[in-house]
Amino acid sequence: MKIKAAVVEKQNADFEIKDDVELAEMGPDDIQVHMVASGICHSDEALRIGDAVIDYPIVLGHEGSGIVEKVGPEVTQFQPGDHVVLSFYACGNCKSCLKGIPTQCENYAQNNLSGVRPDGSSHFTENGHHVADMFDQSSFTTTTVVRERNAVKVPKDMDLRTLGPLGCGYVTGSGTVLNTLKPKPGDTIAVFGTGAVGLAA
Ligand SMILES: [Zn+2]
Ligand SMILES: [Zn+2]
């Protein structure tokens, strides 16, 4: 199906809003999500300007929130109409994932930073040409397809427009303090910057 997406054609190019981007067909454990909102993270800008590289052209965005439109036949946790926040993919089977540290998933790079779907196919194409994805998610779109494990269900009475950064910025800020810094009651910490990461920290 054709969707609208913000495409970065080459290093340092501006975002170009295009309405002829073709979205991949869903796999059996995929869900199709209508995007309501997306955070913008420093990593999006790093990839746009070339400080980090996946591939160009690329559809960025990895802090999406939206509503499930369709589910694949093997999906067990979601149904159409569910509200979700999208995040990075963790395999769930490697040593780190089994220890409860999905942020250190041993298969992180191939699943999130390869620019293609797990089977090597394109998440997006334009006029038949490959367009890379980010985190197998790419939330700067009107609709995207992600694996079930990329999504977390959220209550329907919460405003989806405020929840997107839970997928990256908020967990980065809170995780840094709670899991790594581990301050004790009475300790003082300094937070420099009050974007999503700093506010969560
Ligand atoms: Zn991020
Ligand atoms: Zn893993």
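Let me start with a term: donors are N, O and S atoms within 2.8 Å of the metal, or 3.2 Å for Na, K and Ca, and since water is not among the atoms, sites may look incomplete. This is a predicted model, where local features need pLDDT of at least 70 and side-chain atom pairs count only at pLDDT 80 or more, while totals for chains, interfaces and linings use all residues. Residues are numbered from 1 along each chain as its sequence is written, chains are lettered from A and ligands numbered from 1 in the order in which they are written, and side-chain values use heavy atoms, with hydrogens and water left out.

Now the zinc ion, ligand 1. Which protein donors does it have? They are Cys 41 (SG), His 62 (NE2) and Cys 168 (SG), 2.0 to 2.3 Å from the ion. The spacing of these donor residues in sequence reads C-x20-H-x105-C. Are Cys 41 and His 62 buried or exposed? Both are buried. Buried means under 20% relative accessible area, exposed over 50%, partly exposed in between (1.4 Å probe, protein chains only).

Next, helix 1, residues 42-49. Helices (H or I, at least four residues) and strands (E, at least two) are DSSP runs, numbered from the N terminus. Asp 44, Ala 46, Leu 47 and Arg 48 are buried in this helix. Its buried residues pack against strand 1 (2-8). After the helix comes Gly 50, with a positive phi near 95°.

Last, Met 134. Leaving out residues up to four places away in sequence, Met 134 touches nine-residue company that includes Asp 44, Leu 47 and His 62. Contact means heavy atoms within 4.5 Å.
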